[in-house]
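Hi,

Here's the structure I promised to pass on. Have a look at it first, then read my notes below.

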Amino acid sequence: MFTFAQKKKYPDAAESRPSITGYMSGFPPKGDKVISARDGSFFEFPALRYSVAHMREFMPTINVPRGNMVPVAHFEYDLDDRIDSITFLPTGKERRITWRESLDLNYTDGIIVLHKGKIVYEKYFGDFTAEMPHAVMSVTKSFTGLLAAMLYAEGRLDPTRLVSDYVPELSSSGFGDATVRELMDMTTAIKYSEDYTDPAAEVWAFSAAGNPMIAHDDGVNGFYDYLVGVKKDGEHGNVFGYRTVNADALGWVVSKITGKSVAQLLSELIWHRMGMEQDAYYQVDAMGIPFAGGGLNATLRDLARFAEMVRMGGEWRGVRIVPVGTVEDILHGGNRQAFAASEQGKSLKGWSYRDMWWITNNSHRAYMARGVHGQAIYIDPVAEMTIVRLASTYLSSNMLIDPLSLPAYAAVADYLLGR
């Protein structure tokens with residue numbers, strides 16, 4: 001049987017379903033079935049499989065309203081059950097597996113595939129349903145990047161200017177002498193580790209700063225408090241460095257320019273205008289600041305609407321949602337040399353990063369939004385295909401999930417091209 005490389009045994013997708021593990025069940029829940037944001041237990045596996053679809057029960061949130069002016073934009077369906085039996089060879093393996101097998105191995109909660117705008121595949125697993133918002137983790141960064149790219153297209157943001165020109169509070173931080181472009185493409189040189197396996201990594205201090213459910217004895221209360229203390233480490237612009245703090249600093253830039261939070265902007269510019277089914281929401285810190293680097297929660301179909309709009313160059317059902325040139329700027333791609341010099345460049349060869357989107361630079365010009373524990377938007381312009389996957393695997397890093405996912409996406413694209 002195909003298995004992940006793992007140091008210890010984890011319950012599989014069926015065994016780790018929330019209805020089986022019983023987290024937060026009962027009135028009230030008791031004992032080891034209680035999980036919390038206070039002690040971080042809500043983000044541990046397998047409790048994570050419950051919390052990804054219940055985040056606002058653990059953290060304060062702010063809505064991204066869909067509004068009531070635009071009716072729901074329903075999808076057309078052309079379901080194709082043959083997709084389940086598509087086979088592919090996972091990276092580094094010798095045995096082919098099916099698309100359907102891969103979904104359990106990745107602890108998929110919900111997945112949707114669109115071809116030429118029609119849903120050809122839509123499935124939900126475990127206890128996740130179409131009506132439930134799901135945490136998209138770092139896919140959030142691509143929403144923040146898109147908002148910034150929209151401001152750039154409108155002439156309201158100049159990527160060549162310094163971050164401190166827009167956010168003076170960051171002048172003395174490691175971001176102060178970086179350009180906004182370096183921020184958008186994550187080539188800032190700052191002292192910050194995103195290694196989730198290292199308990200001393202800065203990502204944990206940043207997460208604690210943004211968690212309003214715990215005491216902040218160090219006086220760092222909120223995302224912005226943390227950002228002003230980030231130190232420089234090297235020269236900006238030379239190496240891609242995937243760091244969540246870049247996205248939250250960019251969210252600050254966007255909010256300074258517009259006078260609005262990223263949640264309000266996303267609602268006004270996109271969610272209000274596209275006929276979404278439901279409100280989305282962001283987790284917020286103690287100051288009410290949305291987590292621009294990883295706090296968005298939305299339903300699978302609404303994420304598919306957003307992703308398909310991006311695939312269509314910023315248009316949706318005959319309405320221009322994002323300015324002309326915005327998506328083209330993303331597809332331009334980032335500095336390939338800077339990406340190749342990074343840790344991610346070792347496994348994602350030939351890729352780059354632009355406006356907080358991952359650019360594969362493959363023959364189909366595919367590009368992605370990616371989040372820990374298996375969240376993904378995958379857009380293939382040549383195959384006219386959009387995939388959105390929500391998941392809750394025990395592995396945080398997509399570097400360990402990609403061998404099962406990237407070849408699977410390519411196999412479905414090839415199948416749809418020949419259908």
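**Two cavities and a sheet**

Let's start inside: the second largest cavity is lined by Met368, Arg370, Gln375, Ala376, Arg389, Asn398, Asp402, Ser405 and Tyr409. E13, E14 and H14 are the elements that each give two or more residues to that lining, and H14 gives the most, with four. Sorted by class, the lining has three nonpolar, three polar and three charged residues. The volume of this second cavity is about 30 Å³. Keep in mind that this is a predicted model.

How many cavities of 30 Å³ or more does the structure hold? There are two. The largest cavity has about 40 Å³ of space, and its lining is made up of Trp99, Ser102, Leu103, Asn106, Ile111, Arg389, Leu404, Ser405, Ala408 and Tyr409. Here the elements giving two or more residues are helix H3 (99–105) and helix H14 (398–417). Again H14 gives the most, with four residues. The mix in this lining is six nonpolar, three polar and one charged.

Now for the sheet. It is open and has seven strands, in the order E5-E4-E15-E14-E13-E12-E11, with antiparallel pairing. At the edges you'll find strand E5 (118–124) and strand E11 (352–354), each of which pairs on one side only. On average, neighbouring strands are turned by 20 degrees against each other, if you ignore direction.

Two helices pack on this sheet. Helix H4 (residues 139–153) touches E11, strand E12 (357–359), strand E13 (367–371) and strand E14 (375–380), and its direction makes about 125 degrees with that of E13. Helix H11 (residues 300–311) touches E4, E5, E12, E13, E14 and strand E15 (385–391), and its direction makes about 145 degrees with that of E15.

Strand E4 is a good one to zoom in on. Is it mostly covered or mostly open? Covered: eight of its eight residues are buried. E4 (residues 108–115) pairs with E5 in the antiparallel sense over six bridges. In that pairing, glycine 110 stands opposite tyrosine 124 and isoleucine 111 stands opposite lysine 123. E4 and E5 also form a hairpin with two residues between them, and lysine 116 in the turn has a positive phi of about 55 degrees. E4 also pairs with E15, antiparallel over seven bridges, with isoleucine 112 opposite valine 388.

Cheers

Technical notes: Residues numbered from 1 in each chain as written. Predicted model: local features only at pLDDT ≥ 70, side-chain atom pairs only at ≥ 80, totals over all residues. Heavy atoms only, no water. Pairing = 2+ DSSP bridges. Axes fitted to C-alpha atoms, helices over the stretch in contact; angles between N-to-C directions. Contact = heavy atoms within 4.5 Å. Buried < 20%, exposed > 50% of the residue type's maximum accessible area, 1.4 Å probe, protein only. 1 Å grid on protein atoms, 1.4 Å probe; cavity = no way out; pocket = protein on both sides within 12 Å on 5 of 7 lines; lining within 4 Å. Points joined across faces, edges and corners; volume = space filled by probe spheres on them. Nonpolar A, V, L, I, M, F, W, Y, C, P; charged D, E, K, R; others polar.
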